[in-house]
Structures are given as C-alpha cells and as structure tokens.
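Trainee: Please take me through this model step by step.

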Amino acid sequence: YKLWRLQNQTPIVELILVGFGNGPELQPLLFLLFLVIYLAAVAGNLLIVVLVVADRHLHTPMYYFLANLSAVEICYVSTTLPRLIGSLATGDRTISLQNCYVQFHFCVILSTTQCHLLTAMCIDRYLAICHPLRYPALMNGRVCCHMVAWAWIIAISYSIMLEMLILQLTFCGPKEFDHLVCDFAPTNSFCGESKTLSIGTNYVSIILTLSNFLLSLASYACILISILRIRSSTGRQKAFSTCSSHLIVVSVFNVCIIINYVVPVFRPPPLQYKILSVFYGSLIPLINPVLYSLRNKEVNQALRTTIEKLAAFRH
Ligand SMILES: *[C@@H]1O[C@H](CO)[C@@H](O)[C@H](O)[C@H]1NC(C)=O
C-alpha cells in the first residue's frame, strides 16, 4: 500500500479479465461451449418458471421455491456468461472497474439468494416428509412468501455490507485479473486503511454458508431417518422420489459452495480455481432443469399437459 502511494500511480479504472488466456485455437471451442451452456440454462430454467406459473398442479410451496430458484439461476447466468462469451468472441478482455463491481455485486446477491432458497427447499421437504399432518398449516402461501422474501433480504444486505467495505478500499491491482468473472473473493487486490474487507467477507460468508449447510444437513438427516422408518417399500420409494432430485441439487450445490468459499482461503493456483468456478457458474444453473424435468413426474405431467394445450390451441 505504501509503495503504491509513494509511486502515486494513476488509479486503475480498467481491468483485464484474463479468462482463459490467449490460446487462440481454443477460443472458438470455448465460445461455442459457453454459448450452448448459456442458452440451455436460460431455456431450461425459463421452462420451469413457465410450467410452475401456468400449471395449477404445481402451485405448491415446493414448486414456488423451485421456480424462484430457476428465476435466480437465469439472472445469475445472465450476469456472468454473456460477458465471458462476448470476450471469447471478440478477444477483448478489458472491463471497467465499475462494471466489474456491478457484476460482482449481482453475483453476490444472486448466489447468496440461491443458497438460501435451497435451504428453504430443504426445510420445506423436511416439514412435508417428517410432519406431513402439520405441513399444510406450517407451510402455507404466506410462510413461503416470507421465506422467499428473507432469502432476498439477507442476500441484499450482505451485498450492501460488502459494498460499503469495498468503497473504503482502493483497488490496486494487478491490472490483470486472472479470473473468468469479477469475483473478488479469491483475490488480494484491495489495499486501504483497513483490511476489514477480506476478514469481513470471509467470516460472513463462512457463517452464512455453514449455517445453510448445517440446516440442510439436519433436514436431510431427519428426512432420511423418517424415510427409513416407513414400513412399506412403496411408501418409502414414494417419499424418497419426491426429494431425491432436490437432494442431488443440494449436495452438488453445497459441495460447490464450500469449494467456492473455502478454497480461496488457501489461495489455489488460478487455473484450478478457474475450473472450479466454471463448474460453479455454469453447471449448477443447468442441473436444476435437467434433474427436475427428467426425474420429476409432476413436472413431466405439467409439461405434457402444457404441450397438449398448446397443440389444441393451434388446431
Ligand atoms: C416465488 O415465490 C413466491 C412466494 O411463494 C410466489 O408467489 C411466486 O410465484 C414465485 N415466483 C415464481 C417465478 O414462481
């Protein structure tokens, strides 16, 4: 910091997001890959939102949460991937620091909301399976609405807190930012009077992640115990099938988020971290539609009736 002040450099206003580097032979391939991932993620999640809104059978808390999650995923891929795809297409990797901050804040808000929604879904499944008689009273539309609202409120306050910390600091480089997106979590690019930023982000994100993770873990432990207690094997299968897609999503998500938050603490080599963030940023948005549309009978049924309705409409 002192050196930086002594040299009195002009402040950095533009960054170079290194992305996948300079290898020109890979660029078209990566461009295509991410374009396909982006389109598939948007289309798949949009399909879920449309089905849940359109089909009356899916008007339950579980599917409301799912549709909200899908909406968040659409926003998430739309904040990260278009820029990456654009820079793969044009080769122009510069981004203004301001845009980088904006991208970072949207990423923080959306990924935190994602995490809370998944936990809300865990709690919802827990109540449905472990307290089936009280479920309708406990998880009604109003509670569901509150949980969705709180997911956003916590995420937005967290991001405002980060913003206030970042505004006190100076970005002092290096100008080459060796990541795919403007993710400041794994970097040490800030200098300023206080180092509260890294401490603050680390602690808060660890607390947030850990509490969500433990809540999901506890819910699923209870769910598994009560599923194992079911005597009839068909009943057991039925109970298990309603939450298996979600269990897979939650496990993948938790693994990713732990990697995403915990790995930066150990300062991994950039390449490994990049590969991880590709997984995190593009596979999670894809996994939801794939799992729910392939495995879930109700969603399949809703898809079929919607298509039939559309076909009837055309005739
Ligand atoms: C999100 O959840 C709210 C509250 O339950 C619900 O009313 C709304 O329809 C959901 N959003 C979508 C896109 O389904």
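Mentor: Start with a rule: two strands pair if DSSP finds at least two bridges between them. Strands (E, at least two residues) and helices (H or I, at least four residues) are DSSP runs, numbered from the N terminus. The model is predicted, so local features need pLDDT of at least 70, side-chain atom pairs need pLDDT 80 or more, and totals for chains, interfaces and linings use all residues. Residues are numbered from 1 along each chain as its sequence is written, and side-chain values use heavy atoms, without hydrogens or water.

Trainee: Which residue in β2 stands opposite Leu-15?

Mentor: Strand β1 covers residues 14–17. Three bridges join β1 to β2, and the two run antiparallel. Opposite Leu-15 in β2 stands Ile-95.

Trainee: Which strands stand at the edges of the sheet?

Mentor: The open sheet has three strands, with mixed pairing and the order β2-β1-β4. Each edge strand has a single partner, so one side of it is left without a neighbour in the sheet. The edge strands are β2 (94–96) and β4 (176–177).

Trainee: Which elements give two or more residues to the shell around the ligand?

Mentor: List the residues with a heavy atom within 4 Å of the ligand. They are Val-49, Tyr-64, Ala-67, Asn-68, Cys-144, Cys-145 and Val-148. The elements giving two or more are α3 (61–90) and α6 (141–167).

Trainee: How many residues of that shell are nonpolar?

Mentor: Tyr and Cys count as nonpolar, as do Ala and Val. The shell has no charged residue and one polar one. The nonpolar residues number six.

Trainee: How far is a polar side-chain atom of Asn-68 from an oxygen atom of the ligand?

Mentor: A polar contact is a pair of N or O atoms within 3.5 Å. For Asn-68 and the ligand oxygen, the distance is 2.2 Å.

Trainee: What share of the ligand's exposed area does the protein bury?

Mentor: Accessible areas come from the Shrake-Rupley method with a 1.4 Å probe. Taken alone, the ligand exposes 360 Å². The share buried by the protein is 71%.

How values were computed:
A polar contact is a pair of N or O atoms within 3.5 Å; within protein, one must be able to donate a hydrogen and the other to accept it, and residues adjacent in sequence count only if both atoms are side-chain atoms.
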